[in-house]
Amino acid sequence: MNSNNNFIPYYLRSKLSEFGINNKQQLLKHDYWLVFQWLKDKFPSISFNYLFDLFCIYNAIEFSNLTVQDKVKIKHEYKRQTPHYAPLKSESIDYYLDYASNVAQQNGTDIPIGAVIVKDGQIIGCGTNNVITTNNITHHAEIIAINAAAQKISSHRLDNCDLYVTVEPCLMCAGAILQSRIKRLIFGAVEPKTGAISSQYKVFTNNNVNKHTEIIGPINTKYAQDLKNFLQRKR
Ligand SMILES: [Zn+2]
């Protein structure tokens with residue numbers, strides 16, 4: 001490999017351009033293992049040689065100087081990371097969170113939290129909390145959306161599906177998200193009292209249990225407003 005500072009081999013450069021990365025400077029803004037995760041999501045058949053290539057570029061060393069032990073170490077470092085997939089456009093994140101928020105607002109009598117599940121750009125399940133109206137503590141928006149999506153695609157595994165929910169999921173829903181192997185969880189606002197993603201628990205940071213779900217959020221505090229208003233009215 002050419003050790004020239006700005007050199008990225010063509011076969012790699014053409015793939016990196018998919019992520020708006022066109023030179024070494026842009027590449028070095030992200031961790032090498034993260035870039036490999038993006039590539040793996042977009043081009044599933046690529047080999048670990050791409051990971052080793054990236055490592056060499058980042059560390060300005062020659063590919064031919066990598067030993068077998070180096071490669072084992074690099075692979076180990078990569079496998080320690082929590083999952084990341086090709087980045088989503090911020091417009092589509094806003095669109096689906098707003099959609100989930102609208103679903104929640106249509107529900108006048110129960111806790112206004114909304115969730116949608118998206119697969120290949122299509123909504124395949126929605127849910128809103130029905131706990132009070134059904135006397136059923138499992139009827140959280142996320143679980144209702146997961147059940148609807150699973151029925152729709154006739155599979156209990158939702159590994160190519162993204163779940164958008166207006167507020168941070170609780171421990172029960174985090175468990176359901178983990179079990180269904182949702183690809184990405186995108187949440188609007190934090191839920192400081194019961195949140196199990198970044199507030200009271202950090203379920204998905206344990207990569208002994210999570211090999212599938214990427215966490216994106218919190219996106220915007222505005223998604224907690226309906227919930228706040230609802231709770232104030234209840235008091
Ligand atoms: Zn929940």
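**Warm-up: the whole chain**

Of the 235 residues in this protein chain, 34% count as buried. Keep in mind that you're looking at a predicted model.

*Task.* Find out how many helices and strands the protein chain has, and what box its C-alpha atoms fill.

*Solution.* Start with the secondary structure: it comes to ten helices and five strands. Next, take the box along the principal axes: the C-alpha atoms fill roughly 65 × 35 × 30 Å. You can also look at contacts between residues at least 6 apart in sequence: 56% of these join residues at least 24 apart.

**Exercise 1: the sheet**

*Task.* Work out the strand order of the open sheet and name its edge strands.

*Solution.* Let's go across the sheet. Step one: the order is β2-β1-β3-β4-β5, and the pairing is mixed. Step two: β2 (122-128) and β5 (214-216) each pair on one side only, and these are the edge strands. Step three: check the twist. Neighbouring strands are turned by 20° against each other on average, direction ignored.

*Task.* Now show where the mixed pairing comes from by looking at β1 with β2 and β3 with β4.

*Solution.* A quick reminder: strands of a sheet pair through backbone hydrogen bonds, either parallel or antiparallel. Strand β1 (residues 114-119) runs antiparallel to β2, and six bridges join them. In this pair, glycine 114 stands opposite threonine 128 of β2. The two strands form a hairpin with two residues between them, and aspartate 120 in the turn has a positive phi of about 50°. Now move to β3 (residues 161-167) and β4 (residues 184-189): they pair in the parallel sense over five bridges. Here tyrosine 164 is opposite isoleucine 186 in β4.

**Exercise 2: one face of a helix**

*Task.* List the buried residues of helix α9 (residues 171-180) and explain how they are arranged around the axis.

*Solution.* First, the list: Cys173, Ala174, Ile177 and Ser180. Then look down the axis of α9: its buried residues fall within an arc of 135°, so they line one face of the helix. Here's the handy background: an α-helix has 3.6 residues a turn, so residues three or four places apart point the same way. What covers the buried residues of α9? The cover includes α8 (141-153), β3 and β4. Right after α9 comes arginine 181, with a positive phi near 60°.

**Exercise 3: two helices crossing**

*Task.* Describe how helix α4 (residues 49-59) and helix α5 (residues 68-79) meet.

*Solution.* Begin with the axes: they come within 10 Å and cross at roughly 100°. An angle from 65 to 115 degrees counts as roughly perpendicular, and α4 and α5 are therefore roughly perpendicular to each other. Who touches whom? Leu51, Phe52 and Phe55 in α4 meet Lys71, Ile74 and Tyr78 in α5. Sorted by class, the contact has five nonpolar, no polar and one charged residues.

**Exercise 4: loop residues**

*Task.* Decide whether asparagine 135 and serine 154 are buried or exposed.

*Solution.* The cut-off for exposed is 12 or fewer C-beta neighbours within 10 Å. Asparagine 135 lies in the loop between α7 (131-134) and α8. It has 8 such neighbours, so it counts as exposed. Serine 154 sits in the loop between α8 and β3. With 6 neighbours, serine 154 counts as exposed too. Now check the backbone: phi is positive and near 50° for asparagine 135, and also near 50° for serine 154.

*Task.* Which kind of peptide bond joins glycine 217 and proline 218?

*Solution.* Omega is about 5°, and the bond is cis. Proline 218 is found in the loop between β5 and α10 (225-234).

Notes:
Residues numbered from 1 in each chain as written. Predicted model: local features only at pLDDT ≥ 70, side-chain atom pairs only at ≥ 80, totals over all residues. Pairing = 2+ DSSP bridges. Helix = DSSP H or I, 4+ residues; strand = E, 2+ residues; numbered from the N terminus. Axes fitted to C-alpha atoms, helices over the stretch in contact; angles between N-to-C directions. Buried ≥ 20, exposed ≤ 12 C-beta atoms within 10 Å, placed from the backbone. Arc of directions from axis to C-beta. Contact = placed C-beta atoms within 7 Å. Parallel < 35°, antiparallel > 145°, perpendicular 65-115°, else oblique. Nonpolar A, V, L, I, M, F, W, Y, C, P; charged D, E, K, R; others polar.
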